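Let's work through a few short exercises together. Keep the sequence and the 3D view open while you go.

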Amino acid sequence: MTSVTICMPEDVVEDLKKVAPLLGFSGYQPLIRAYIGQGLRVDLERFESEIVTALVASLKRRGISDAVINEALNEVIHTKSC
């Protein structure tokens, strides 16, 4: 873990303190970590998806068939889930 110091409006911190126990968190700091983690995962997934889409388009421009691209994507998907 690494410590990070950020300035936040007091009303936001107070709201976090109210919401944290309602969501089952022991305090507002774990809730902040959860919010950051969730947002980060969404952004990473979006960017990875955009990269895959751009790669597929590039491969198609280079004459790689849809069948080969789909086969490769299926191979990667099945390898990740195992």
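A residue counts as buried under 20% relative accessible area, as exposed over 50%, and as partly exposed in between (1.4 Å probe, protein chains only). This is a predicted model, in which local features need pLDDT of at least 70 and side-chain atom pairs count only at pLDDT 80 or more, while totals for chains, interfaces and linings use all residues. Residues are numbered from 1 along each chain as its sequence is written, and side-chain values use heavy atoms, with hydrogens and water left out.

**Exercise 1. Describe the overall build of the chain.**

Step 1: Begin with the secondary structure, which comes to three helices and zero strands. Helices (H or I, at least four residues) and strands (E, at least two) are DSSP runs, numbered from the N terminus.

Step 2: Turn to the dimensions. The C-alpha trace spans about 55 × 25 × 25 Å along its principal axes. The radius of gyration of the chain is 21 Å, whereas a compact globule of 82 residues would have one near 12 Å. This radius is taken over C-alpha atoms, and the globule rule is 2.2 Å times the number of residues to the power 0.38.

Step 3: Add burial: 13% of the 82 residues are buried.

**Exercise 2. Find out which way helix 1 faces.**

Step 1: Locate helix 1 at residues 10-22 and list its buried residues: Val13, Leu16 and Ala20.

Step 2: Look down the axis of helix 1; these buried residues fall within an arc of 55°, so they line one face. The arc is that of the directions from the helix axis to the C-beta atoms. As a reminder, an α-helix has 3.6 residues a turn, so residues three or four places apart point the same way.

Step 3: Check the face turned away from the buried side, where the exposed residues Asp11, Lys18 and Leu22 sit.

Step 4: Ask what covers the buried residues; the cover includes helix 2 (28-61).

Step 5: Move just past helix 1, where Gly24 takes a positive phi of about 90°.

**Exercise 3. Check the length of helix 2 and list its buried residues.**

Step 1: The 34 residues of helix 2 should span 50 Å at 1.5 Å a residue, and its end C-alpha atoms are 50 Å apart, which agrees. The expected span is 1.5 Å times one less than the number of residues.

Step 2: Buried in helix 2 are Leu31, Ile32, Ala34, Gly37, Val56 and Ser58.

Step 3: Just after helix 2, Gly63 also has a positive phi, of about 90°.

**Exercise 4. Is Leu59 buried, exposed or partly exposed, and what does it touch?**

Step 1: Leu59 belongs to helix 2.

Step 2: Its relative accessible area is 30%, so Leu59 is partly exposed.

Step 3: Leaving aside neighbours within four places in sequence, Leu59 is in contact (heavy atoms within 4.5 Å) with Ile64 and Ile69.
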